[in-house]
Amino acid sequence: MSHAPVLTIIIPLAGAFLITFTELISARIRPVVLIPVTLGHLGAALSVILQVVEQGPILYTLGMWDPPWGIVLSIDSVSIVFLGIVSAGSALLTVFAWGSPREAGGKYAVLRLLLCGAMSGAVLTGDLFNLFVFAELMTIAGTGLVALKRKGESAVAGFTYLMFSGVAGTFFLFGVALLYGSTGTLNMAQLAQRLTEVDPTTQTVAFVLMVTAFGVKTAMVPLHFWQPFAYAAAGGTTAALLSGVTMKVNLYALLRICYGIFGRQAGAFDDVLSVLLVVGMVSIIVGHGLALWQDDIRRMLAFSSVAHVGYILLGVAGGTTAAVTAGLFHAFNHFVMKVALFWSGRGMSSVIGSPYISRMNGVGRRAPLLVGVFFVAALAIVGIPPTNGFASKWLIALSLLAEAEIVAVLVLMVGTALSMMYYTRFLSRAVQWAPESFSGRAVEDRRLRAVGPLVLLAAVILIVGVLPELATAFLEPAARALLDQEAFISNILGAAAVQ
Amino acid sequence: MTIVYTYLGVHLRYPLLDEVNELLVTSFVVVGLLTVLYTLPARDLPLTFKTGVHVVAGVFAALAGDFFTLLVGLELLTFSAYFLLVHRADSERAAVGYRYIGFHISAAALFFVGMAIQYTDTGSLQLARAVPSAVPYFLAAFAIKAVFFPLHIWLVDAYPRAPVFAVPALSVFTTKMGVYAIARIAGGPVVAYIGGATAILGVLGALRQSNARRLLSYHIVSQVGYMVAGAALATQAGIAAGVFHAVNNIVYKTLLFMVAGAVFFTVGHDDLTRLGGLVRRMPITFFGSMVGSAAIAGVPLFAGYASKELLKSATGYTPLTYMLLLAAIGTALSFLKFTFYMFVGERGTTQPESGRPDERTAGDHTAPEAEAAAEADADADAGAEAGSGRGRYEAPWTMLVPIGVLSVFSILFGVRPQLAVAGTTYGIYSLSSLWVSVLPLLAALGVWHFARRLVKPHEHHESALLVEMRTIGGRGLRALERALAFSHQHPFQVYLFLVTLCFVVLAAIAL
Amino acid sequence: MILPATQVVVVVVFLIGLYGVLTCRKLIRICISLSVMESGLILFLVSLGFVEGATAPIFDPRHAVYVDPVPQALALTAIVIAAGVNAIALMLAVLAYRHYGTTDIREIWRRRA
C-alpha cells in the first residue's frame, strides 16, 4: 500500500511543526524545511491523483484498522479534484508569499502549512468526525492568518470569523453526534448505509445542521457576513487562499454530506437541494450587488466570491451529472480566477500604497502586467469567451435550461452584467492616463516569484478557456462519482457491503 | 478554407461567407484598412494598433458562422472599442468607457441567454433564425447594438468623446453587426417599424446638434434605423437592401467622420458655431464632405440613393416607407447644415487655433510628458510654421487618401449599384422613383431657404434626456448603495442570529 | 440509551450558550458563551456512550458490559478543539481591547465605522 495519501496530510503538518523550531534558531534556515515540505506535498498529492486516475478509487486504512473500525482515507475522483486545488493553491501561495514582503515571515509559513494539511485531510477523509477535526483545524489556521497583522481591525475580523466558524462547528458536531447516537458509527459509508435506521426527524435535523454549518463556512447568502471582514483584514495574499481554496474544501464537505452520506434516500434531500438552488440565485444577486459599491478592492473581490458560491450552487445543486460537472468546473475555475484577481489586486495595492479603487487612477501605466493579469481574470470571472469562466457558465446555463430553470438563467445574466460593471469600474481608473501622485513602491514587482504564479494562472485561464475538455475530462468522472452513492459506499466498505 | 472545431461538444465551422455577408465583410476589410491609415497622423502607434485590433475584431465577427463565434466577435469588438475609447483617457472619458461597457455587457448577457435557449431547443449553434422562445433575448441584445431609440444613448454618449482619429473606426462595426445579426437571427415587422421610428428620432436629434461629431453620431442612429427597417423585414429583398444600406453607410459615414476629423485636426475644434469658409483652405476635404453629404441625403447618382431606393421597394410603400421619407428630409437638412457651416458659412474664414495641428490635438491623445517633447519640437519648427497661417492648410495625405477613396466608392455605388447588389437594375432611376426621392430633398431645401434659423448651429448643451437619466439613475443608485451598506454595518451578532434563523427556517422547510 | 433528562439538559445548555453568543456585548462573555455551547455538546457526546450498569471500557474478565468508548474519545477531541478555539478567541479579544480600549462589541463597531 502506497502511503502517499497520509503523507499529503502529515508532510505539511510536520512542516508547520518544524518551522516553529527553525524560526527559533534563524529565519534563514526556513527554506531548508519549507522547500522540501512544499515539494513533498505537491509530489504526494500528484502521486495520489495519478494513482486514482490510473487505477480508480483508493482506500487508505490508518494503522491498518479496517473500516468501519478504523479511520480511513477514501480517495475517489471527486477528492482528487479538490486535492489538486489544495496542493496547487498551497504551492503557488508558497511561491507568491516568498515574493511579498509581509507574508514572507515564519508565522505566516506555519499557519499556511497548517491550513494546507487541514485542507488535505478534509478532502481525503472518509470519517465524519475526522472531517469535523480538520474543519476546526482549518478554522484555527484561517483565523490565525486573518488576524496575523495584529491590528485592531484584523483582531475584530478574526474574532468574527472565529465566532461564525465556531458556531458553525458546534452545529456540525451536533449533527455528527445526532447521527452517531442513532447509528453508532462515524464512518461515512456505514452512515450512508444505516441512514434508514435513523428516525426521519433526527435525520432531517442532523442534515440541516450540517448544511447550515457548511453554508456558513462557504459564505453563501445570508450566511456570508463574516467573509468580507475576514478577507479585507487578511489581505490579498491570504484572502486568495481562503476564497480560492478553503472555500472549495468546505464546498467539498458540503457536497459529500449531501450526496455521499444523505443522498436521495434522505427525506429532506430534495428540499435541501431546491433551497440551495434558491440560495444560489440570491447569492449571485446580493454578492454582485454589494461588490458594485465596494471601494476596497479586497472587499469587492470578497463579495464577488459570495456571488460565485451562488454560481457553483446553481450547478452542483442541480443533481444531474451535467449540472454537477458544470458546478465543479466553475469551482475549479473560480479557484484559478479568484486567486489571480486577489494576487494581482494585491500587487496593485502595493504599487499604489492603498487598496482603495478610488486611488488607483493610472495604475495601468505603473503596473501593466498586473493590470493585464487582472483584466484577463476579470474577463474570465465575468464569463467572456474564450476564457474558462465562460465555459463553466455556459455549461451551468445549459444544465439549468435542461431543467427548465429559466429564472436562474436570467439571474446568471444579471450577474454577468453586474460583475462586468464593477470590474470595469476598477479598469476605468486603471487605464486613466494622468496618474495621481502615488505613495508606495510605485513600480510593479517583476521578480519571477511575484509574477510567475500570476502569469501561470492567466495562462491556465486562457488554455482551459480554449480547450475546456482538458478540465471536463477530470470533472465528469468526478461528478459521476459524487452522485453515485453506491460507488462511494463500496469504495470504503468493499463491494460486498453494497447489496 | 474552413476550420471545423468542437467546443464542449458543440460543432462549429468558421468562417461563413455567403451572399448575405460577403459585401459586408468586403466593406469591413476595405474601410477598416482606410480607418487604420487614417490614424497615422496621430503619430501614436498604440492607437493605430488598437484601431487595427478593432478592425480585425469586426471582420472576425462578420465572418462568424455560429452564435458562439459571433459572441466572441462581438465581445472582441466591445473590448477593443472600450480600449479605443479610453485610450489615454482622462476621468471623463474613462467614465464614458464605463457606461459603454455597461450597455454592451448587457447586450452580451442577453445574447448569452438567447444562445443557451437556442442550443437547448435545437441542439445546434449554427447561425440561423432564432427559435421563438429565444427571440426576445436576441432582440433585446440587438436593440442595444443597433441603437433602437432610446437605447441610442450609449452611441451619442461615446462616439463624440472618443479620440478623434479613432471615431471613423468605431463608427463602422458595432452598429452594423447589430443590423446584420437582426437580418440573420431575429427580426419582424414590429422591429422594422421601430427601425423607422429610430430613423426619424435620430434625425430630429441630429438637427439640434452643433458639434460636427455629435451631429454625425445622431445620424448613425438614424441611418441604422433605415437599415433595421430593411433588414428586419426578413425578406430576401429587405435583407439585401438593409445590408447594402449598411455598406453604403459604412462608406459615406466613415467619409463624413473623416472629414470632421480632418477639420478637427487642422483647425483644432469641430464646433459648427465657430467654423466656416474652409472651402478654399481645404478643397479636397470639402469635396469629400460634399460627396458624403450628397450620398447620405440620397441625392440621385450617389450611393445613398441606390440603397434607399432598394429599401423603399423592399418595404413596398407601406407606412414604413413614408417614415423613411420623412427621415430623409431631416437627413438632407442636417447635411446642408453640416457642409454649409463648416466649409462655406456666414462667418468668413476660420483660422486654425494657435499652435501646430499635431501639437494641438495632443491634448486629445498624447501623454503629458509626450506633450512636453512636442513643445520642444514646436520650438524647433517655429520658423517653418509661422508662414502657414495663410493659404491652404489641408490635412495630411494619410487623411486625404481615405477621404478620396471613400468618395470614389460613394459615387461608384450610386452609379453602378450592381457592383454591390447583383441584379439591381437601373429601374431605380425611373422617373417616379426619382420624383419620390427628390421630394424630401426639395422639402429640405425649402426649409433651409425659409426657416434656416431652425437648424442654425447654436450653443448646445448635452441632451437633457441624457442628463436627466444620469441624475435620476445616480440618485437611485446612491440610495441603493446606502441601503446595502447599512445592511452590512451591524455588529456580527446580528448576522449570527441570522444564521440561527436560517437553520430554523431550513429545518422548518425540510420537516 | 440517552436518558430524556440528559437530552433536556443538553439542549438547554446548548441554547443558553447560543443565547449568550447572540446577545452578550462583551467579547469575553461571548467566548464564555461559546464554551458553554461546546460544554452542552460534550455532555451530549458522553451521554451517547452511556450504558446502564456498564463499566469503563477497559478489558476485564469480571465485567461483560462496557460503555461505548468512541464517544469518550470524541468528547476528549472536542474538548481539545474547544480549548484551542477559546484560546485564540480570548487572544483576539485581548488584541481588540488593546486597540479599541473596550471589549464592548457595539462600541468597537462604532469606532470602526
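**Entry 1: a helix to start with**

I began with a rule: the expected span of a helix is 1.5 Å times one less than its number of residues. I am applying this to a predicted model, and I want to keep that in mind throughout. My test case was helix α8 of chain A, residues 200–218, which has 19 residues. The rule gives 27 Å and the end C-alpha atoms lie 26 Å apart, so the two agree.

Next I asked myself how many residues of α8(A) are buried. I found 15 of its 19, so to speak of the helix as mostly covered fits. Just after α8(A) comes A:Ala219, and I noted its positive phi, near 65 degrees.

**Entry 2: a second helix in chain A**

I tried the same rule on helix α17 of chain A, residues 406–430. It has 25 residues and reaches 36 Å from first C-alpha to last, close to the 36 Å expected. I also looked at its surroundings: 19 of the 25 residues of α17(A) are buried, and this helix is mostly covered.

**Entry 3: chain A as a whole**

Stepping back, I counted 20 helices and 2 strands in chain A. I wanted to know what radius of gyration chain A has. It comes to 22 Å, and a compact globule with 499 residues would have one near 23 Å, so chain A agrees with the rule. Along its principal axes, the C-alpha trace of chain A spans about 70 × 60 × 40 Å.

I noted that 68% of the 499 residues of chain A count as buried. I also looked at contacts with a separation of 6 or more in chain A: 78% of them join residues 24 or more positions apart.

**Entry 4: chain C, for contrast**

Chain C has 4 helices and 0 strands. From the N terminus on, I read its elements as α-α-α-α. Here the globule rule did not fit: 113 residues in a compact globule would give a radius of gyration near 13 Å, but chain C has 19 Å. The spans of its C-alpha trace along the principal axes are about 65 × 25 × 15 Å.

Of the 113 residues of chain C, I found that 32% count as buried. Contacts between residues 24 or more positions apart make up 50% of those in chain C with a separation of 6 or more.

**Entry 5: where chain C touches chain B**

I looked up the contact between these two chains and found 7 residues of chain C against 6 residues of chain B. On the chain C side, α1 (4–23) and α4 (105–112) each supply at least two residues. What classes make up that side of chain C? I noted 6 nonpolar residues, no polar ones and 1 charged.

**Entry 6: where chain B touches chain A**

This contact takes 44 residues from chain B and 51 residues from chain A. On the side of chain B, four helices each supply at least two residues: α3 (67–85), α4 (91–122), α20 (464–486) and α21 (492–510). Which of the helices gives the most to this side? It is α4(B), with 17 residues. By class, I wrote down 34 nonpolar, 6 polar and 4 charged residues for the side of chain B that touches chain A.

**Entry 7: inside chain B**

Chain B is divided into domain 1 (1–186), domain 2 (189–355 + 394–458) and domain 3 (465–510). I looked at the first pair: the C-alpha centres of domain 1 and domain 2 of chain B lie 23 Å apart. Their contact takes 33 residues from domain 1 and 41 residues from domain 2 of chain B.

On the domain 1 side, the elements giving two or more residues are α1 (22–38), α6 (153–158) and α7 (167–184) of chain B. Of these I marked α7(B), which gives the most, with 10 residues. That side of domain 1 has 27 nonpolar, 5 polar and 1 charged residues.

**Entry 8: the core**

Last, I looked for the largest nonpolar core and found that it has 432 residues. Those with the most contacts inside it are A:Ala340, A:Ala377, A:Ile461, B:Ile182 and B:Val228. Helix α10 of chain B (residues 236–267) gives the most to this core, with 21 residues.

I picked out A:Ala377 and asked which residues A:Ala377 touches. Leaving out residues up to four places away in sequence, I listed A:Met337, A:Ala340, A:Leu341, A:Ser344, A:Ala458 and A:Ile461. A reminder for myself: in soluble globular proteins, nonpolar side chains tend to be buried together.

Key
Residues are numbered from 1 along each chain as its sequence is written. Chains are lettered from A and ligands numbered from 1 in the order in which they are written. This is a predicted model: local features need pLDDT of at least 70, side-chain atom pairs count only at pLDDT 80 or more; totals for chains, interfaces and linings use all residues. A nonpolar core is a set of buried Ala, Val, Leu, Ile, Met, Phe, Trp, Tyr and Cys residues joined through C-beta atoms within 7 Å. A residue is buried if 20 or more other C-beta atoms lie within 10 Å of its own, exposed if 12 or fewer, and partly exposed in between; C-beta atoms are placed from the backbone. Ala, Val, Leu, Ile, Met, Phe, Trp, Tyr, Cys and Pro count as nonpolar, Asp, Glu, Lys and Arg as charged, and the others, Gly among them, as polar. The radius of gyration is taken over C-alpha atoms; the globule rule is 2.2 Å times the number of residues to the power 0.38. Domain bounds come from an automatic or database domain assignment.
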